[in-house]
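Got the model open and not sure where to start? Let's walk through it together, one stop at a time.

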Amino acid sequence: MAESCEVDEVSRARAQDARSEGPNGEVTEGSLRGPHLRVRSDRAVGGTCRPPTAACDQASVHKGPRRPTLSRTCGLMTDTSSRRGVTFTPERGQLCQSAGVLRYTAFLDCFEDAYDRIPVASKMDFQTSIEECSMALNLVLNNKFSEALDLLRPWSKDSMYHALGYSSILVMQAAMTFEHKDIQTAMATIKEALHTCQRFRKKNSMVESLSSLVSKQSCDSLKAEEMHAEICYAECLLQKATLTFVQDENMISFIKGGIKIRTSYQIYKDCQHVLNMSQGVDGETDTFTQFEGGVKLGIGSFNLMLSLLPARILRLLEFIGFSGNREFGLAQLREGAASHSLRAILSAFTLLFYHTYVCLILGTGEGNLVEAEALLEPYLERFPKGSIILFYSARVAVLRGHFEKAQVKFVECINAQQQWKQIHHLCYWELMWCHSFQQQWREAYRYADLLCKESRWSKAIYVYQKAAILSMMSEEEVKKTGENVVDLFRQVEGLKQRLAGKSIPTEKFAVRKSRRYSAAKPVKLIIPALEMMYVWNGFTIVGKRADATESLLITIEKAEEELRADPNPSEFHPDDQCLVQMLKGLCLKHLGRLLQAELCFTQVLSSEKRIRYDHYLIPFTLYELGLLYKQQGDVAKATRYIEDAKLNYKDYSMESRLHFRIHAALNSLKGSPVNSP
């Protein structure tokens, strides 16, 4: 039966975009979990308007200037078949009547910014837990992180979805703060979440997988809670593995984390088996849709990320049961993002992260920005001030080469919320690069300095980056900052950290480069900020803007002339010359001057025996020359040079990063038309 509470005209108008009303005021379609998720009209059972009860009136009292009053039908509803028995007690400032959380979700959609305190159900069932988790996700996307935790906390030890949602937020917070206490808190919460999920999992009498159990029995014998418990357990395992890598700096922790990932992967494969056997049986139920969304998110993410791994690593992982297919992974995530499940937006975020970061840093920079914009569009409409949504919108603008627009968006993201300062730090990092791409070094320094002071993620990188940016400024400008560039470079080595028992490759690179300043008579680095720009594949971004690329080329040619005119060349001189030639070649390539770019790259390769320290320059130049030949349509030559970089060089800086890029480049060449000269 559909129940109704009355709200004023102003509040109803604010909610009009989020729902549609039938002739009696009932909700026939409404956005509950995200822009893709609509309540099916068969759920809206007809109801009539009636005066609010005294208890309902009592429940409407909230703090704050925008407290809704009860004067018109809001059209709240319930599905009595699956949401029966959930009570919101008025003495706790909650909605009254024996109604479902679906009614309350619709109410929250109407007034999601009108509450200082989120009502908490006094009883909990499986369907209600999914819906409350959906509410918490909406709160996170509206920058209400504390409110989301408050909503999930009361049931986090009794409901698998509350446990998963609560731990997910704390893990995200710990990963961003890198604070020991946050990591410890998150780890303790994950252990509790795993224990909660375990209570709902299928109890097997023998050591056997869920898929083998299903192959012997009917899928009907599996309860919905047991199916969902597997998905939630797998997700919690991944979270624990992530924190295990961060928490301890030894190989044992690395192995433990790897085992957890493999267990999670196997659970997802078992769940996929269950899903395949259940097709056409429960496809119309919301429970099945939620389960399907979880499977597509997990299977899609695993396949996509495993497909990025170089062949030599993937062969080893295949031996212990892993496999990855990029196209299948993308397809699963796209289906998940378009579904009506709680995890639809998580599938969308995974695709966004892949297109805006993974493709650039670990690939050739060919992310699908059209798809990224299409994924963002509905969420920008629904959460226009959501910091996570704004951040991705700004990131897409950066990759488009719209640096000025991106800067405005990142500042808007910073101003959108103050609870999680770590999101500000992500924006500082991006703003630092936006200004660096335009060679606005003073502004770039400002954001690098903020990162050094506020963020714990990688002090070595932040300090090196700040020193590198200052190195691009005139002596007068540096004096105004009050910084000592030599002292900053000397600090870098002491700030290096370890992750999963190993040094971070980019930090190792920064330490190695900064050692030039450890001697009594330091040897100045040549255009170090542009070298770091290349490390993060920034030239691919700048290449979208001819004006910015021309400006970088002028700076590089000045450095080239400075090296040529040096009367007392140091032992680093050949290395510096090769670096300048490689970066010059990149600018020329992006400007379409391919013959000149080829000459720059071949000049680096001809100087191989003269290089003393920066041995990474040769394999990276081979890779870039291969991409240039690909651009010219000479697939055979492109493959030969890239294979040369892959097979004939080892033990150089950022070797793993280049192998990821080589893997992506060779895969793209397989589908390229052959055009040999």
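Start with Ile255, which sits in helix 10, the stretch that runs over residues 251-278. Keep in mind as you look that this is a predicted model. Is Ile255 buried, partly exposed or exposed? With a relative accessibility of 48%, Ile255 counts as partly exposed, because that label covers values between 20% and 50%. Now look for Ala241: it is 14 residues away from Ile255 in sequence, and the two C-alpha atoms are 9.7 Å apart in space.

Stay in helix 10 and move along to Tyr265, which belongs to this helix too. Tyr265 has a relative accessibility of 3%, so it counts as buried, the cut-off being under 20%. What does Tyr265 touch, leaving aside residues up to four places away in sequence? Its contacts are Phe302, Leu306, Gly321, Phe322 and Ser323. Take Gly321 from that list: it lies 56 residues from Tyr265 along the chain, yet 9.0 Å separates their C-alpha atoms.

Now zoom out for a moment. The protein has 677 residues, and 58% of them are buried. They are arranged with 31 helices and 5 strands. If you take the contacts with a sequence separation of 6 or more, 69% of them join residues that are 24 or more positions apart.

Next, the interior. In soluble globular proteins, nonpolar side chains tend to be buried together. Here, the largest nonpolar core has 187 residues, and the ones that touch the most other members are Phe410, Met432, Ile527, Leu530, Phe539 and Leu583. Which helix gives the most to this core? That would be helix 14, residues 344-361, with 11 residues. Pick Leu530 and look around: not counting residues up to four places away in sequence, Leu530 touches Trp441, Met472, Phe539, Leu552, Thr555, Ile556 and Leu583.

Helix 27 is worth a look of its own. It covers residues 573-590, 18 in total, and spans 26 Å from its first C-alpha to its last, close to the 26 Å expected at 1.5 Å a residue. How many of the residues of helix 27 are buried? The count is 16 of 18, so this helix is mostly covered, buried meaning under 20% relative accessible area. Just after helix 27 comes Gly592, which takes a positive phi of about 85°.

From there, head for the second largest pocket, which holds about 630 Å³ of space. It is lined by 25 residues, and Leu470, Ser471, Met472, Met473 and Lys524 are the closest to its centre. Four elements each give two or more residues to the lining: helix 20 (459-471), helix 21 (475-481), helix 22 (485-491) and helix 26 (546-564). Helix 26 gives the most, with 4 residues. Sorted by class, the lining has 15 nonpolar, 5 polar and 5 charged residues. You've met Met472 already, as one of the residues that Leu530 touches.

One last stop: His659, in helix 31, which covers residues 655-670. Its relative accessible area is 6%, so His659 is buried. What surrounds it, if you skip residues up to four places away in sequence? His659 touches Pro310, Arg312, Lys646 and Tyr652.

Note on methods:
Residues are numbered from 1 along each chain as its sequence is written. This is a predicted model: local features need pLDDT of at least 70, side-chain atom pairs count only at pLDDT 80 or more; totals for chains, interfaces and linings use all residues. Side-chain values use heavy atoms; hydrogens and water are left out. On a 1 Å grid over the protein atoms alone, a cavity is a set of points where a 1.4 Å probe fits but cannot get out, and a pocket is an open set with protein on both sides within 12 Å along at least five of seven lines; lining residues have an atom within 4 Å of a point. Grid points are joined across faces, edges and corners, and a volume is the space filled by probe spheres set on the points. Ala, Val, Leu, Ile, Met, Phe, Trp, Tyr, Cys and Pro count as nonpolar, Asp, Glu, Lys and Arg as charged, and the others, Gly among them, as polar. Buried means under 20% relative accessible area, exposed over 50%, partly exposed in between (1.4 Å probe, protein chains only). Contact means heavy atoms within 4.5 Å. A nonpolar core is a set of buried Ala, Val, Leu, Ile, Met, Phe, Trp, Tyr and Cys residues joined through side-chain atoms within 4.5 Å. The expected span of a helix is 1.5 Å times one less than its number of residues.
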